[in-house]
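Morning, everyone. Please look at the screen while I talk you through one protein chain.

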Amino acid sequence: GDGMVLGLAMAVPKGSDSSERAQCVAAMLSVDHIMLHGIRINLTRPTAAMSLHERTWSRTARRWVSATPVVLDRYPKGKLTAEDIVAQSVERAGYPRPIRVELSQNSALAMPPARQFKLRKPGGLYAHAVLQFDHPVRGPLLVGKERYFGLGMFLPQDART
């Protein structure tokens, strides 16, 4: 709420060996600040915020809800709907295709509306999403064009399986 960065996260590919994971951890531990719009933000205060726990993002669920909006990879055209594009983005990111995609400007969580999030490159289409899978999927789920920049992050919303 006050604009302070509580932490950073890194999703390491499943196929990484222990040496590669160790290098990633070492790199993250060496970060003491970030630059955002030319402003230096120090990362010095440890926190126990739930949003920083791996389990918050990585457990298994059939229903996933966006914490940050999904940026569509392309524009809907002809019979290709925005929901189809998001479903394809989910597959492109390495997850199974969802059986249902619901899009809205308003979040199903207590998050700001999609329009309040800023895109790195203006002009893209983006929305909050709810994804339903026919079987449990393990997170973290990062989907869409801006998934490596903090958008398209999903939270699991049903009981662990």
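Which strands are among what covers the buried residues of H3? Hold that thought for a moment. First, a caution: this is a predicted model.

Start with the overall plan. The protein chain has 3 helices and 8 strands. Walk along the sequence and you read α-β-β-α-β-β-α-β-β-β-β. There are 161 residues, and 32% of them count as buried. Now the contacts. Take those with a separation of 6 or more: 68% of them come from residues 24 or more positions apart. On the outside, the chain exposes about 10,400 Å², and carbon and sulfur atoms supply 55% of that.

Back to my opening question. The cover over the buried residues of H3 includes S4, S5 and S6. S4 spans 70-71, and S5 spans 100-104. Which residues of H3 are buried? They are Ala82, Ile85, Val86, Ala87, Ser89 and Val90. After H3 comes Gly94, with a positive phi near 100 degrees.

Now the core. The largest nonpolar core has 18 residues. Trp64, Val86, Val90, Leu131, Phe133, Leu141 and Phe154 have the most contacts inside this core. Three elements give two or more residues to it: strand S3 at 60-66, helix H3 at 82-92 and strand S6 at 126-138. H3 gives the largest share, with 5 residues.

Pick out Leu131 on your screen. Set aside its neighbours within four places in sequence. Leu131 is then in contact with Trp64, Val86, Val90, Leu141 and Phe154, among others. Its contacts also include Arg62, Arg63 and Arg100. Pro98 and Val101 are on the list too. A second core, of 6 residues, lies apart from the big one. Val71, Ala114, Leu119 and Leu151 are among its members.

Next, the strands. Keep your eye on S6.

S3 and S6 pair in the antiparallel sense over 5 bridges. In that pairing, Arg63 stands opposite Gln132. S5 and S6 are also antiparallel, again over 5 bridges. There, Ser104 faces His128 of S6 as its opposite number. S4 and S6 pair in the antiparallel sense too, over 2 bridges. Val71 has Tyr126 as its bridge partner in S6. One general point for the newcomers. In a regular strand, side chains alternate between the two faces of the sheet.

Last stop: Thr68. Where does Thr68 sit? Look in the loop between S3 and S4. Is Thr68 buried or exposed? Thr68 counts as buried, because its relative accessibility is 11% and the cut-off for buried is under 20%.

What does the side chain of Thr68 reach? One target is the backbone nitrogen of Gly152, at 3.1 Å. The backbone nitrogen of Met153 also lies 3.1 Å from a polar atom of that side chain. Leave out the neighbours within four places in sequence, and Thr68 is in contact with Phe117, His128, Gly150, Leu151, Gly152 and Met153. You have met two of those already. His128 is the residue opposite Ser104, and Leu151 belongs to the 6-residue core.

To wrap up, three things to find again on the screen. Find H3, which gives 5 residues to the largest core. Find S6, which pairs with S3, with S4 and with S5. Then find Thr68, buried in its loop. Thanks, that's me done.

Definitions and conventions
Residues numbered from 1 in each chain as written. Predicted model: local features only at pLDDT ≥ 70, side-chain atom pairs only at ≥ 80, totals over all residues. Heavy atoms only, no water. Helix = DSSP H or I, 4+ residues; strand = E, 2+ residues; numbered from the N terminus. Buried < 20%, exposed > 50% of the residue type's maximum accessible area, 1.4 Å probe, protein only. Contact = heavy atoms within 4.5 Å. Areas by Shrake-Rupley, 256 points an atom, 1.4 Å probe, with all protein chains shown as cover. Core = buried A, V, L, I, M, F, W, Y, C linked by side-chain atoms within 4.5 Å. Polar contact = N/O pair within 3.5 Å; in protein donor to acceptor, adjacent residues only side chain to side chain. Pairing = 2+ DSSP bridges.
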